[in-house]
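This report describes how a sheet and the helices beside it are put together. Please look at the sequence and the structure first.

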Amino acid sequence: MYIAQEESFGPVMVISKFKNGDVDGVLRRANTTEYGLASGVFTKDISKALYISEKLEAGTVFINTYNKTDVAAPFGGFKQSGFGKDLGKLFSPSLTSHLTVQINEKTS
């Protein structure tokens with residue numbers, strides 16, 4: 001699916017089906033793109049969300065929310081979505097990769 005492989009800027013959300021329990025298959029599909037600015041995970045299972053956030057190749061992972069950021073958190077992507085991070089206090093960005101995880105604790 002073309003839209004899931006490109007880095008789109010705008011009000012775009014890709015929702016794709018997956019077999020129940022096939023989290024690793026979803027991760028493979030999500031990580032095959034050459035971009036990795038941000039991603040979102042929506043689930044009631046916070047343990048599963050944290051597992052997924054560790055495996056996703058994206059600079060920011062939103063859990064049960066999207067595009068709600070802390071201005072002091074490092075911002076930047078992986079792969080072709082940027083080099084290094086803006087904001088935050090990071091040392092030697094060429095030797096490390098940093099992930100920002102935003103969690104909405106309110107579930108309705």
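Isoleucine 63 stands opposite isoleucine 103 in β5. The model is predicted: local features need pLDDT of at least 70 and side-chain atom pairs count only at pLDDT 80 or more, while totals for chains, interfaces and linings use all residues. Residues are numbered from 1 along each chain as its sequence is written, and side-chain values use heavy atoms, with hydrogens and water left out.

Helices (H or I, at least four residues) and strands (E, at least two) are DSSP runs, numbered from the N terminus. Two strands pair if DSSP finds at least two bridges between them. The two pairings of β3 are listed here.

| Strand pair | Sense | Bridges |
|---|---|---|
| β2 (residues 38-41) and β3 | parallel | four bridges |
| β3 and β5 (residues 100-103) | parallel | four bridges |

Alanine 38 has threonine 60 of β3 as its bridge partner. Three strands thus arranged in the order β2-β3-β5 form an open sheet with parallel pairing. Because β2 and β5 stand at the edges with a single partner strand each, one side of each is left without a neighbour in the sheet. From one strand to the next, the twist averages 20°. Helix α3 packs on this sheet and touches β2, β3 and β5 (contact means heavy atoms within 4.5 Å). The direction of α3 makes about 170° with that of β3; axes are lines fitted to C-alpha atoms, for helices over the stretch in contact, and angles run from 0 to 180 degrees between N-to-C directions.

How are the faces of the strands covered? In β3, Thr60 and Phe62 on one side and Val61 and Ile63 on the other are all buried, where buried means under 20% relative accessible area (1.4 Å probe, protein chains only). In β2 the side chains alternate: Ser39 and Val41 point to one face and are buried, whereas Ala38 and Gly40 point to the other and are not.

Next comes helix α2 (residues 23-31), whose buried residues are Val23, Gly25, Leu27 and Asn31. Among the elements covering them are α3 (46-55) and β4 (78-79). The axes of α2 and α3 lie 10 Å apart, at an angle of about 35°. On the α2 side the contact is made by Val23, Asp24, Leu27 and Asn31, and on the α3 side by Lys48, Tyr51, Ile52 and Lys55. Leaving aside residues up to four places away in sequence, leucine 27 touches Tyr51, Ile52, Lys55 and Leu56.

The largest nonpolar core has eight residues: Val23, Leu27, Val41, Ala49, Ile52, Leu56, Val61 and Ile63. At least two of these core residues come from each of α2, α3 and β3 (60-63). A nonpolar core is a set of buried Ala, Val, Leu, Ile, Met, Phe, Trp, Tyr and Cys residues joined through side-chain atoms within 4.5 Å.

Technical notes: Buried < 20%, exposed > 50% of the residue type's maximum accessible area, 1.4 Å probe, protein only.
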